[in-house]
Amino acid sequence: MTLLLERNEQFARGYTPVPLGPPTAQLLVVTCLDHRVDPAIVLGLRLGDAPVIRNAGGRVTRAVIDDIAYLAFLAEKVFGVPDRLFEVAVVHHTQCGTGFLADPAFRREAAQATGMSEATLGATEVADPQATVRADVERLLASPVLSPKVSVSGHVYDIDTGRVTTILDARYPRSADA
């Protein structure tokens, strides 16, 4: 931790605070907590560009949906952002450690070790990132609490090449299309 605090000291010397406001990139990223997947580096984000939600697998959970709903509320009510609020970019990746959860024996052992249910662990699995990113985009678009002013896109980051590929272009919930 000492090295990290020294790095923070260097950062703080040249730091300029970013005022509270909507993200400059009009983007929110949902991605995995894997240490090989840093959205600031992979997507070239700077401080103030985009909020990032990270969890195991980068999966769209109820908690993620709740956070997005709240951020949309803030953007509209507090910051006065008009018609289109922001895009949610769901980014899964290849070689995800949650892929091991596809094996029932591994999932059972993980459940015993962590106290989490097998179903909860199974819901974080990313063995096929193209399939799971599609499922998560659809889950988010189908949520009744997602603002019709928020669009959702799906992407896969390839650990071997460093490239992000768009699987689903940004779409708005069906209620916004009507």
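**Exercise 1. Two residues with positive phi**

Is Q26 buried, partly exposed or exposed, and what is its relative accessibility? Determine also where Q26 lies, and carry out the analysis for Q95.

*Solution.* The structure is a predicted model, and every value used here is computed from it. Step one concerns accessibility: Q26 has a relative accessibility of 47%, and it therefore counts as partly exposed, given that the partly exposed class ends where exposed begins, at over 50%. Step two is the backbone: most residues other than glycine have a negative phi. Q26, although it is not a glycine, has a positive phi of about 50°, and its place is in the loop between α1 (2–13) and β1. Step three turns to Q95, which is likewise not a glycine and has a positive phi of about 55°; Q95 lies in the loop between β3 (86–93) and α4 (104–114), and with 44% relative accessibility Q95 counts as partly exposed.

**Exercise 2. Counting disulfides**

Work out how many disulfides the model contains, using the sulfur positions of C32 and C96.

*Solution.* In general terms, a disulfide is a covalent bond between the sulfur atoms of two cysteines. The criterion needed for the step is that the two sulfur atoms be within 2.5 Å. For C32, the closest cysteine sulfur belongs to C96 and is 4.0 Å away, which is too far for a bond; starting from C96, the closest cysteine sulfur is that of C32, again at 4.0 Å. The count of disulfides by this rule is therefore zero. As to their surroundings, C32 is buried at 3% relative accessibility, and C96 is buried as well, with a relative accessible area of 10%.

**Exercise 3. Salt bridges and the parts they tie together**

State how many salt bridges the structure holds, and then, for the pairs D34–R36, R59–D136 and R171–E138, give the N to O distance and the accessibility of each partner.

*Solution.* The total is five salt bridges, among them the three pairs treated below.

- In the pair D34 and R36, the side chains meet with an N to O distance of 2.7 Å; D34 counts as buried at 12% relative accessibility, whereas R36, at 32%, counts as partly exposed.
- In the pair R59 and D136, the closest N and O atoms are 2.8 Å apart. Since R59 lies in the loop between β2 and α3 while D136 belongs to helix α6 (residues 129–142), the pair ties together parts that are 77 residues apart in sequence. R59 is buried, with a relative accessible area of 11%, and D136 is buried too, with 3%.
- In the pair R171 and E138, the closest N and O atoms are 2.6 Å apart. R171 lies in strand β5 and E138 in helix α6, so this pair ties together parts that are 33 residues apart in sequence. R171 is partly exposed at 31%, and E138 is partly exposed at 29%.

**Exercise 4. Empty space**

Find the volume of the largest pocket and of the largest cavity, and identify residues that line each of them.

*Solution.* Rolling a probe the size of a water molecule over the atoms shows where empty space is left. The largest pocket contains about 340 Å³ of space. Its lining is made of 17 residues, of which G21, P22, P23, P51 and F79 are the closest to its centre; helix α3 (residues 62–77) gives the largest share of the lining, namely three residues. For the cavities, a search of the whole structure finds one of 30 Å³ or more, and the largest cavity holds about 50 Å³ of space. The largest cavity is lined by V29, T31, V37, P39, V42, L43, V91 and Y157, with β1 (27–32) and α2 each supplying at least two of the lining residues.

**Exercise 5. A surface patch and a distant pair**

Locate L47 within the nonpolar surface patch, and then compare the separation of G162 and V37 in sequence with their separation in space.

*Solution.* F11, Y15, V18 and L47 make a nonpolar surface patch of about 400 Å². L47 sits in the loop between α2 (39–42) and β2 (52–55), and with a relative accessible area of 58% it is exposed. G162 is found in the loop between β4 (150–157) and β5 (164–171), where it counts as partly exposed at 36% relative accessibility. G162 and V37 are 125 residues apart in sequence, while their C-alpha atoms are 9.4 Å apart in space.

Definitions and conventions:
Residues numbered from 1 in each chain as written. Predicted model: local features only at pLDDT ≥ 70, side-chain atom pairs only at ≥ 80, totals over all residues. Heavy atoms only, no water. Patch = residues over 30% accessible without salt bridge, like charges linked within 9 Å, V, L, I, M, F, W, Y side chains within 5 Å. Areas by Shrake-Rupley, 256 points an atom, 1.4 Å probe, with all protein chains shown as cover. Salt bridge = Lys/Arg side-chain N within 4 Å of Asp/Glu carboxyl O. Helix = DSSP H or I, 4+ residues; strand = E, 2+ residues; numbered from the N terminus. Buried < 20%, exposed > 50% of the residue type's maximum accessible area, 1.4 Å probe, protein only. 1 Å grid on protein atoms, 1.4 Å probe; cavity = no way out; pocket = protein on both sides within 12 Å on 5 of 7 lines; lining within 4 Å. Points joined across faces, edges and corners; volume = space filled by probe spheres on them.
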